[in-house]
Amino acid sequence: MKTLAILAVVFAALGVLPLFVVSDVWLNSLIAVLYAALLGQAWNILGGYGGQFSFGHAAFFGTGAYTVAVLQVQYGINPWIGLVAGAAAAGLVAAFVGALSFRYGLRGSYFALVTLAFAEVLRILSNSVPFTGAGVGILIPLDPGAENLQFAHKSGYFWMIWAMALAAFLAAWWLGHSRFGARLMALRDNEDAARALGVSALRIKLGGIVMSGVFSGLAGVFYAQHYLYLDPGLAYGPAISVESLLVPIVGGMGTLFGPLLGAAALHVLSEVTRDIFGDAPGISLAIYGALLIFIVMFLPHGLAGLGRISARRLIRARPA
Amino acid sequence: MSEFSILLPSVLNGITTGALYALVALGLTLIYGVLHIINFAHGSLLMLALYGVYFLAAGFDIGPYQALVFMPAAMFAVGYVLQRFVIGKASHDRDENILLVTLGLSIVIENLALYFFRSDTRVVDTPWSFETVELLGAFLPLPKVIAFFGALATAAALWVLMTRTDLGKAIRAVAKERKGARLVGIDVDHVFAMSFGIGIACLGIAACLLMPSYYVTPQVGHGFVLIAFTIVVLGGMGSFVGALIGGLFIGVVESLGGLFLGESLGQIGIFAIFILILLFRPTGLLGHKV
């Protein structure tokens, strides 16, 4: 209950911030952080709580994004329906990937490779078939209005991403407080022992990947509605997969607030990098990669682990 | 008859390309067999080697084949240092960490290349770049034929190294039984770094053989990395013969796929094989139990 209270306070605080900040720059920053936190929490559900490292979350993200865009542009279907359809489609893709790979007991590097390959297949397909606009991409016509899930003012997008991120964080909180979550974590910590105790590895992992996929798909829907443009490289490219895993790893894998911490830290870092290097190609991603190595090397529990380490040091440093 | 005359050049072309894929995959499979890690930075290290060849040619007038003297040694050093001081240090004995560190390395290398070299496509022009060799009525580019034999020679040299030298013996011992190898006095960290270095040295050779008929951009590794993974998985993780056969096979599949499905959809065939093998036979065609 205590973590739920903290979660409520954090999101309430984030929710009232826009009442005080009027500048679009700050609102954009808040949106960017919440968006990254949503992406990261989606990966965290499967990777952090479930211990299954996906290198291809773009497969789910892109499916959500393309679903809402294609339904609107090609079939004239309202994006609110597209939002539900996008999340559902992403969940379906996740279920398919999960069913295939977990059924055959793929773990570790093999699972990472197979997810990466699925994302690549989808990228090539969306680059080749006509209804996604192929390599040219797809443009959602500008038509602001809440009924079209487009907003003339930034605050509309803020509330949209706030609600999506809240849902993802509530789901992650639930994982920490439910039988399902306990089983998922048991499979992460020791799969053989968990199975011996009667945990159905396939069913639980499937549940984990579908949850993860649905929230990734939601992030994709947000991306499509916010930027109103998609192409195969943006939707299914490796950058999304990397951001998805970097955010929770920096913040702290398998922790509720890790993705939020990671998202905020990465946002600050990318702003600082832009200040120093300008928009030079490559430099910001190179720093992301270096950060990933640094975190794995020195902070395996991410920023969330930093608090734990310093607390332990304090206790140890106390004179006996 | 007319179908045959289209198919044969395509198959032969696929085999020559496949030999180069095999060479890239050989390094990957050696690293996997010994360290049990998947080196995600393999593609970007190949890209680095290609830039090395390019700058030797552009700056010092050293042709790609003369560069064969320097590149394997230089790439070996890069690999040795990376394993000894970055990957090995960061692993904390957990495979997931190695996965993430090599992914991080690939991001760093690729984007630094983008920052310093921009995304211009660069090529090395040699007088014989466009010469061809006639074989069974098919015309094959000369650099590709040389690359084919170079790849076979490298594979043979690797085989000799692994079976006939003390280093090879130590590498095989560490691959089989880490703890036991340490107990009989083998410096395991050194052997790890040597294996990684040799695997990366293969990329140095591959880059020299590849450059005359190819190009280099910061993203050039992407195309190779999943293909190399496919070959390694197809042939069986850690199997040399598997990597060779797998490489030739994938080269032919790509070439035929491109012929029948077009350039971009042709790649799907490779990914389909990759996913199917991972799902139904993750030990590969010639591999042992993982």
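Here are four short exercises with worked solutions on this predicted model.

**Exercise 1. The interface between the chains**

Work out how many residues of chain A and chain B are in contact, and what kind of surface they bury.

*Solution.*
- Start with the head count: 37 residues of chain A are in contact with 39 of chain B.
- Next comes the area, which is about 3500 Å² between the two chains, with 85% of it on carbon and sulfur atoms.
- Now ask who pays for it on the chain A side: A:Tyr110, A:Leu113 and A:Met297 supply 19% of the area that chain A buries against chain B, more than any other three residues.
- Then look for polar links. The rule finds zero salt bridges across this interface, and it also finds zero residue pairs in polar contact where both are at pLDDT 80 or more.
- Map the chain A side onto its helices: α4 (79-103), α5 (108-128), α11 (238-251) and α13 (283-298) each supply at least two residues. α5(A) gives the most, with 14 residues.
- Finish with composition: the chain A side divides into 30 nonpolar residues, six polar and one charged.

**Exercise 2. A threonine in a helix**

Place B:Thr17 in its helix, decide whether B:Thr17 is buried or exposed, and find what its side chain reaches.

*Solution.*
- B:Thr17 sits in helix α1 of chain B, which covers residues 2-35.
- Its relative accessible area is 16%, so B:Thr17 falls under the 20% cut-off and is buried.
- The side chain of B:Thr17 gets to the backbone oxygen of B:Asn13, at 2.9 Å.
- Leaving out residues up to four places away in sequence, B:Thr17 touches B:Lys144 and B:Glu254.

**Exercise 3. An odd phi angle**

Say what stands out about the phi of A:Leu228, and where in chain A this residue lies.

*Solution.*
- Recall the background first: most residues other than glycine have a negative phi.
- A:Leu228 is not a glycine, yet its phi is positive, at about 60 degrees.
- As for location, A:Leu228 lies in the loop between α9 (201-227) and β2 (229-230) of chain A.
- With 10% relative accessibility, A:Leu228 counts as buried.

**Exercise 4. Checking a helix**

Compare the span of helix α2 of chain A with the one expected at 1.5 Å a residue, and explain why α2(A) can be called largely enclosed.

*Solution.*
- α2(A) runs over residues 24-47, which makes 24 residues.
- From first C-alpha to last, α2(A) reaches 34 Å, close to the expected 34 Å.
- For the enclosure, count buried residues: 19 of the 24 in α2(A) are buried, so the rest of the structure largely encloses this helix.

Technical notes:
Residues numbered from 1 in each chain as written. Chains lettered and ligands numbered in written order. Predicted model: local features only at pLDDT ≥ 70, side-chain atom pairs only at ≥ 80, totals over all residues. Heavy atoms only, no water. Contact = heavy atoms within 4.5 Å. Buried area = accessible area lost by both parts, 1.4 Å probe. Salt bridge = Lys/Arg side-chain N within 4 Å of Asp/Glu carboxyl O. Polar contact = N/O pair within 3.5 Å; in protein donor to acceptor, adjacent residues only side chain to side chain. Helix = DSSP H or I, 4+ residues; strand = E, 2+ residues; numbered from the N terminus. Nonpolar A, V, L, I, M, F, W, Y, C, P; charged D, E, K, R; others polar. Buried < 20%, exposed > 50% of the residue type's maximum accessible area, 1.4 Å probe, protein only. Expected span 1.5 Å × (residues − 1).
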